[in-house]
Amino acid sequence: MPTDPATPAELGEVLRRLRRRQARRGGCRQLSYRDIAERAGCSHGAIGEYFTGRVLPPADRFDRLVRILGAGAAEVTMLAKVRDRLEDDRRRAPSRWVAPRELPPGQRAFVAREPELARLDELARLDEPAGVSRPIVISGMAGVGKTSLAVHWAHRIAGRFPDGQLFLDLRGFHPGQVVTTAEALRHLLISLGTPGDRVPAGVPEAARLYRRTLTGRRILVVLDNVADEGQVRDLLPPDGCLALLTSRRLLTGLAVADGAEPLPVEPLGDRDALALLAGRLGAGRIAAEPEAADRIVTACGRLPLALAVVGARAAAHPSFALGGMAGELDRAAGGLDAMVSGDAGTDVRAAFSWSYHRLPEPARRMFRLLALHPGPEVTAADAAALTASGTAAAAAVLAGLARAGMLGEPQPGRYAFHDLLRAYAGELVEEPERDPAQARLITRLVHAAHAAAVALNPFRTPIELPLTEKDASGFDGEPAALAWFDAEQKGLLAVFELATRTGRDVEVWQLAWGIGEFLDRGGDWPAWLRVQTAALAAAGRLGDPAALAFSHRVVGNGHLQAGHPEDSLAHLERAHDLYHRTGNPGRAANCLYLLAWAEEQRDRLADGLGYGERAIAVARTADDPVVLGFALNMTGHLHTRRGEHAAALDRCREAVGLQRAIGHRAGLAATLDTLGVAHHALGSLAEAAACFREGMELQAGLGSRHEEAETADRLGDTLAEMGDTEAATVVRQRALRIRELIRNGQSPQP
């Protein structure tokens, strides 16, 4: 080793050699900085500064340090003299500014996030003269590429900060000890040329020296991996400098109190994700197996860290086919086992775990249990059910998870997992938690869907549900219920499948009762038939006659809506028999009305009229005005099919009067359409147009999209015959727009 070190860096090399010699002589591993720090009675950060030569240790600490490292008495004396001489040299040397250049190297395979880079340029106001500058916070989930983006952009703009660039990893979401504000200030001040023994011990004093040192200079300060606002508030530089922060948290406190500019970062788009993979594997390998590359990108959720791990493995095995690696990821079925790098710093599961373990216990529990929700999004009410907590408390925890980068918030109050975070959360679920949480979620949605269905159609007879501690309080009118169903449809169907898969037959049937009303309105017959067929099987296992009758009837109706009348007959006849035997003539009449429709679809119009007249008679006897209105309309429709338009007018006018009297809008809309057809056939075009227009607007208000489009077509034809081609074009375009939205799975606005 050098016997006469001339600089602190050379003295640091002496310390490192002493450490290696001690391990070699003892036949054991080298002492870690943490081991040495514990024996020396100081922080492991300070030990790192001594060993790298950034800081000259105080005399008493230096003596203790070299003894810990096994130095003999003569070596201790010699090295103490060297340390004292170096300190004297430093004190006599004239002070001069040396601009720090601490940015780590940029990532070789960085994907150009052009929108984010442009936004950073905008937030930094690089085209304006130096002056007031606000901190910029790049936030996002673990592995999304925040540090890579920050370092890449920092290199791009480094020339704008001639007095230097500082970089410090604050280890906010890494294993081990988070860097304290005091440790961070010490590091930054030493990087700025302050001797270690002149760095104040107190945070307020060190912060004042830090700001004073930076005042009047143009320095870029990159603070990576920030834990929270309190860790960095004293590290923000004065005007003229720029702070660039990265964190898994949103750090909204800095935006509120310090004017920080937020830049949330999302996973890559498909094109950029493929470009990242190509940067690691070569464009030729991607071009040779494009379909496999697409599957890898999808399995990795377009997350840069996951793509980097999988890409590194593929690069290490150039003979591996990408199709084989894609298959391995497919077999993992969303799990993380195929994304293990062997290095905790670049392991996807480890990266997620550091965020998870920094959460408070209520948030950790909710994070786990949210993985049990099978839908794409969750609300505070869902989270409250899963965790058996209050809705307000659940909302607060959800917001905290979003701030911590563990959930996204695609719409206000609606939260969603990234696929890989969902997989990680699912791994953490404790088995005793699973069934009770799922049962609470299913029960909540049974009650909510029931309340929404009743609000949509108050003429339905509600089913009896068991009371819960937090029963759904209902919906404030039909529009609110329709909006709720529209927002929750995917989640409801996913929860229905969960209930089916886990054998909860009672809840399966109850959910189908509630969901069916909305699926009927929306014209989603395949989903409706799938749901009601599963509910029929559940009702059969339960052996409940009322449930069986209902399910047979709605399955029969579903086959009719799909245009398969032969498949409907047995179900409708079975439902009619069950309702007749259990003393429910109103529902039995409803089955007769549907049988009339089935015969109409089979072009057996006389048989259909027979069923229709029977339905009218039974509905009158049962005093069921809703079914009576439907039956009257059906017989009117059958008369129009037979060319008996005057008879159709009689039946439909009676139905319209009845439906207006009881306020049955759905029935009225359907009857007005039939009445319009009869008027049109009789040449009363103005009356037909009026009926079609009123029916169309009713269908729009009800959310009955398919029926609205069909009535709009008929109105357009009628207006065209009346010579009003401009109005005809408008309503025909309305029908086209509605059908296009239905094909795209969207909800047209009335």
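This passage describes the overall build of the protein and then turns to the surroundings of one residue, Ala363.

The structure is a predicted model. Its secondary structure comprises 35 helices and 7 strands. The C-alpha trace extends over about 120 × 60 × 55 Å along the principal axes. In keeping with a look at those spans, the radius of gyration can be set beside a reference value: the protein has 36 Å, whereas a compact globule of 750 residues would have a value near 27 Å.

Turning to burial and contacts, 51% of the 750 residues count as buried. Among contacts with a sequence separation of 6 or more, 66% join residues that are 24 or more positions apart. The surface that the protein exposes amounts to about 32700 Å², and 52% of this area is supplied by carbon and sulfur atoms. As for charge, there are 89 positive and 94 negative side chains. The centres of these two sets lie 9 Å apart.

At the level of a single residue, Ala363 offers a helpful close-up. Ala363 sits in helix α18, which covers residues 361-370. Ala363 counts as buried because its relative accessibility is 8%, and the cut-off for burial is under 20%. Which residues does Ala363 contact, once neighbours within four places in sequence are left aside? The partners are Val397 and Leu401. Val397 lies 34 residues from Ala363 along the chain, yet the C-alpha atoms of the two are separated by 5.9 Å. Ala363 of helix α18 is thus a buried position in contact with Val397 and Leu401.

Terms used
Residues are numbered from 1 along each chain as its sequence is written. This is a predicted model: local features need pLDDT of at least 70, side-chain atom pairs count only at pLDDT 80 or more; totals for chains, interfaces and linings use all residues. Side-chain values use heavy atoms; hydrogens and water are left out. Helices (H or I, at least four residues) and strands (E, at least two) are DSSP runs, numbered from the N terminus. Buried means under 20% relative accessible area, exposed over 50%, partly exposed in between (1.4 Å probe, protein chains only). Contact means heavy atoms within 4.5 Å. The radius of gyration is taken over C-alpha atoms; the globule rule is 2.2 Å times the number of residues to the power 0.38. Accessible areas come from the Shrake-Rupley method with a 1.4 Å probe; for residues, only the protein chains shown count as cover. Lys and Arg count as positive and Asp and Glu as negative; His and the chain ends are not counted. The place of a charge is taken as NZ of Lys, CZ of Arg, CG of Asp or CD of Glu.
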